[in-house]
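Thanks for coming. I will take a few minutes to go through one structure. Please have a look at it first.

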Amino acid sequence: MTNFADLGLSQKVLSAVTDAGYATPTPIQAGAIPPALQRRDILGIAQTGTGKTASFVLPMLTLLEKGRARARMPRTLILEPTRELAAQVAENFDKYGKNHKLNIALLIGGVSFDEQDRKLERGADVLICTPGRLLDHFERGKLLMSGVEILVIDEADRMLDMGFIPDIERIAKLIPFTRQTLFFSATMPPEIQKLADRFLQNPERVEVARPASTANTVTQRFVASHAKDYEKRAVLRDLIRAQDELKNAIIFCNRKKDVADLFRSLDRHGFSVGALHGDMDQRSRMTMLANFKDGNIKLLVASDVAARGLDIPDVSHVFNFDVPIHAEDYVHRIGRTGRAGRSGASFTLVTRRDTKFADAIEKLIGQKVEWLNGDLSELPEPMESHDAGRKDRGRDRHKDRKKDVERSGKGRSDHRSDTAYADSAAELEPVAERAGAVKPERNADNGRGHASRNDRPGRAQNAANDDNRDRRNRHRRDHDDGPTPVGFGDEIPAFMLIAGKA
DNA sequence: AAAAAAT
């Protein structure tokens with residue numbers, strides 16, 4: 001059996017690894033570290049959870065001990081698809097590089113340029129970036145790529161999914177081709193293979209099996225549900241309450257809007273819950289993730305921004321509120337639990353319209369997923385359908401809602417469909433401030449005298465406001481029988497016509 | 001039927 005000490009890493013690195021409590025390298029580490037230290041190119045085929053990050057961080061630290069950085073000329077460059085992943089790699093450099101005095105710069109969007117500029121100016125040994133922000137800095141003349149000795153492209157298949165490949169090609173062209181390139185991808189579709197052929201010179205290919213956890217230690221169940229959101233939310237709540245050993249859970253939705261909606265619903269039902277998606281401001285994203293990792297929040301409602309790569313140890317449950325449209329996403333999502341040999345449980349809500357995607361999942365993972373309480377054919381009819389008393393009940397509910405709204409002092413009069421507020425009375429109450437329930441946007445300007453641009457409520461919040469505004473306006477328009485107001489009447493100033501042509 | 005990422 002290999003030991004970290006046998007891989008050729010420096011003493012400084014080894015002592016940090018020992019302090020972190022590791023003695024034995026994972027297969028990807030054992031396979032990639034020695035050739036990386038020989039300055040070979042690496043083609044690493046490995047998923048997250050296999051110790052992939054350390055397989056490039058540790059040799060990079062060792063190689064960086066020789067030489068030092070010059071202003072605006074980073075020595076190494078790591079590209080990551082999401083801001084959270086980039087931040088996570090930076091944490092790894094802090095952990096394993098604690099005996100080094102290296103300058104690490106995290107260049108990601110959504111945060112201010114100032115500190116990033118300062119670090120570039122000082123000379124960065126390691127740049128960890130999302131592609132957009134890196135190119136932004138480059139175009140502003142803040143850095144030269146001609147001194148980069150090592151380029152790491154992480155999660156290449158995901159970069160491809162996200163349309164980053166043109167950016168990656170552009171960045172790679174700016175870096176001397178005498179560089180060493182470490183290229184990682186979870187899968188190797190033809191496009192990625194082509195890209196690897198272009199970027200790598202005589203690479204050492206290191207491939208590790210996908211972590212066994214997916215198949216073996218995670219209990220997977222499908223749960224039949226009707227398609228209406230409020231019915232799905234009720235099924236989910238019952239499911240969560242029925243779990244004996246729920247320590248914490250990630251709940252995935254397909255859309256950002258649904259993340260926001262489900263978060264609000266669970267919050268109003270008194271769950272300890274947070275939300276994470278890409279339209280939230282960066283500070284909230286970071287706070288939310290930290291609170292979840294620290295156990296301050298028990299449930300995290302998330303988009304697929306959280307599906308891959310994020311290292312959240314010890315998630316006991318994964319719930320798919322929506323069946324993922326791409327089957328691979330299912331594998332990534334449930335891979336958030338059952339990590340490091342622990343057991344985990346995953347539940348996927350399936351409605352009649354999802355059967356195609358559920359079938360695709362079973363085909364991809366090569367096994368049937370058991371249904372928890374009977375499959376879709378055994379699903380009882382929803383309470384409301386074919387019910388003579390339905391209209392009356394709906395009207396009563398409407399009355400209740402109006403009362404609640406008035407009580408809460410928010411006299412909104414927009415007409416929503418019955419189903420929109422049928423979830424439960426609890427959802428109609430104003431959100432109570434509860435200790436432990438951390439809300440996404442409200443935390444944003446903790447301790448700040450003023451709101452900077454990054455502290456503004458996330459776009460999701462704005463989108464929700466927009467929705468309300470639209471609804472009100474639509475309502476108003478419907479009942480508007482006066483003359484249509486137009487900005488300038490019939491007279492349109494000449495300058496506007498010119499601008500309009502451009 | 002989506003999400004992610006520069007502003």
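**Contacts with the DNA**

A backbone N or O atom of Asn-254 is 2.8 Å from a sugar or linking oxygen of DNA strand B; a polar contact here is a pair of N or O atoms within 3.5 Å. This is a predicted model, where local features need pLDDT of at least 70, side-chain atom pairs count only at pLDDT 80 or more, and totals for chains, interfaces and linings use all residues. Residues are numbered from 1 along each chain as its sequence is written, chains are lettered from A and ligands numbered from 1 in the order in which they are written, and side-chain values use heavy atoms, with hydrogens and water left out.

Two side chains reach phosphate oxygens of strand B: a polar atom of Thr-130 at 2.5 Å, and an N or O atom of Arg-285 at 2.6 Å.

Around DNA strand B there are 27 residues, and Thr-130, Arg-133, Lys-256, Gly-278 and Phe-357 come nearest. Near means that a heavy atom of the residue lies within 4 Å of the strand. Of the strand B atoms within 4 Å of the protein, 68% belong to sugar and phosphate.

Now to rings. Arg-133 also lies over the face of Phe-113, 3.8 Å from the ring centre. For a charge over a ring, NZ of Lys or CZ of Arg must be within 6 Å of the ring centre and within 35 degrees of the ring normal. Lys-232 has its charged end over the ring of Phe-321, 4.8 Å from the centre.

Technical notes:
A polar contact is a pair of N or O atoms within 3.5 Å; within protein, one must be able to donate a hydrogen and the other to accept it, and residues adjacent in sequence count only if both atoms are side-chain atoms.
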